[in-house]
Amino acid sequence: MTDIEQQLREAALDLPTESPPLAERADEEGLLDVAYTSVDSPLGPLVVAATPKGLVRVSYTEFRGEDEVLEDLARRVSPRVLEAPARLDAVRRELDEYFEGRRQDFDTAIDWSYLAGFTREVLRATARIGFGEVSTYAGVAEAAGSPRAVRAAGNALGANPMPVIVPCHRVLRTGGSLGGYTGGLERKEFLLRLEGMLL
Amino acid sequence: MNLPPFQALLQEHRADVYRFLVATAGPSEADDAFQETWIAALRAYPRLRRADNLRAWLFRIAQNKSIDAHRARGRRAVPVAAVPESPSAPPEPEDESLWGRVRELPAKQRTAVFCRTVLGMPYDELATLLESSEEAARRNVHEGLKRLREELEHD
């Protein structure tokens, strides 16, 4: 007879591992501080995340790994981070429509509360640049209330936690050159081309 | 304090917690106990002061939910008309499977036996889980296994 410990280990292999879902219950209990999911796009997979108040993150997975993004959300927003696609259904649909050329403006709510100071002002000003328009770093700095803080505006745009939805790709260098883009310049070009701003 | 995203904890331990609950609370209680465990963990998570020993912390919650499930099942049990002839004799296990027998052990022995034999949990971690000394943790494993061995030899 095999020993009891061996028998227990063997019996454990037959135990079911298919466990019930949790995200919906967590949301009902008000514990789903950050819901995230992965969304496919022509620019590669995106991680999108939202609090109960609105969107807090869109990130190019190929540029910055999902683990890193989730750790950042745990630190900045709340460690209660769970994969919960349901909260992001509307954002996913809007992104799909946008990339298919059927949508110009995003209706999804944005949670601005984790952005502070000048960064927040710059990104809010950026969010007001419409489809088919472009602005400049200087223009955005001015719209944010500090016309001389052009470099700081550039830094704020470089740290944009919600690219595409907060359209930092519509901000160019004075004189028309593209400037930079977190996620890679080829993505900025793709988005501007999609919006008819680049041939 | 930098806590990992809760999803990382869930991914790493979800299957083990579920197996633990099926083994110690029973298949019919496991789904509810599983949800209760994770919801309680999620509720308490941001207030955790330390990120080491997360598994011990999690399984302590799971153990508590398993004990709750045992109690609830006890309350639901249909009373029998006849009193057992010898009140001191241990009740016949309803479920003669190995896990059925594990479920008849005292709570700490159930936890100790599962975590040690199935998860290979080190004794210091098991002691943290059980909120006991390492010596007491060893004793719980030893006593639980001894009782299971004896029962199986009697068959």
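**Exercise 1. The sheet of chain A**

Task: In this predicted model, find the order of the strands in the open sheet of chain A and state which strands stand at the edges.

Solution:
- Step 1. The open sheet has 4 strands, ordered S3-S2-S1-S4 in chain A. Its pairing is mixed.
- Step 2. The edge strands of chain A are S3 (54-60) and S4 (81-83). Each has a single partner strand, so one side of each lacks a neighbour in the sheet.
- Step 3. From one strand to the next, the twist averages 25 degrees.
- Step 4. Now take one pair. S1 (residues 34-39) and S2 (residues 46-51) of chain A run antiparallel, joined over 5 bridges. Opposite Tyr36(A), in S2(A), stands Ala49(A).

**Exercise 2. The nonpolar core**

Task: Identify the residues that touch the most other members of the largest nonpolar core, and trace where the core comes from.

Solution:
- Step 1. The core holds 88 residues. Ala35(A), Val48(A), Ala49(A), Ala153(A) and Leu21(B) touch the most other members.
- Step 2. H1(B) supplies the largest share, 10 residues.
- Step 3. In chain A, domain 1 (24-99) and domain 2 (117-194) each contribute at least three residues.
- Step 4. Look at Ala153(A). Beyond its neighbours within four places in sequence, Ala153(A) contacts Val122(A), Tyr137(A), Val140(A), Ala141(A) and Ala144(A).

**Exercise 3. The side of chain B that touches chain A**

Task: Describe the contact between the chains, using C-beta atoms within 7 Å as the criterion.

Solution:
- Step 1. Count both sides: 30 residues of chain B meet 28 residues of chain A.
- Step 2. On chain B, the elements giving two or more residues are H1 (6-25), H2 (27-44), H4 (98-102), H5 (107-117) and H7 (134-154). H1(B) gives the most, with 8 residues.
- Step 3. Sort the residues on this side of chain B: 21 are nonpolar, 4 polar and 5 charged.

Conventions: Residues numbered from 1 in each chain as written. Chains lettered and ligands numbered in written order. Predicted model: local features only at pLDDT ≥ 70, side-chain atom pairs only at ≥ 80, totals over all residues. Contact = placed C-beta atoms within 7 Å. Nonpolar A, V, L, I, M, F, W, Y, C, P; charged D, E, K, R; others polar. Core = buried A, V, L, I, M, F, W, Y, C linked by C-beta atoms within 7 Å. Buried ≥ 20, exposed ≤ 12 C-beta atoms within 10 Å, placed from the backbone. Domains from an automatic or database assignment. Pairing = 2+ DSSP bridges. Axes fitted to C-alpha atoms, helices over the stretch in contact; angles between N-to-C directions.
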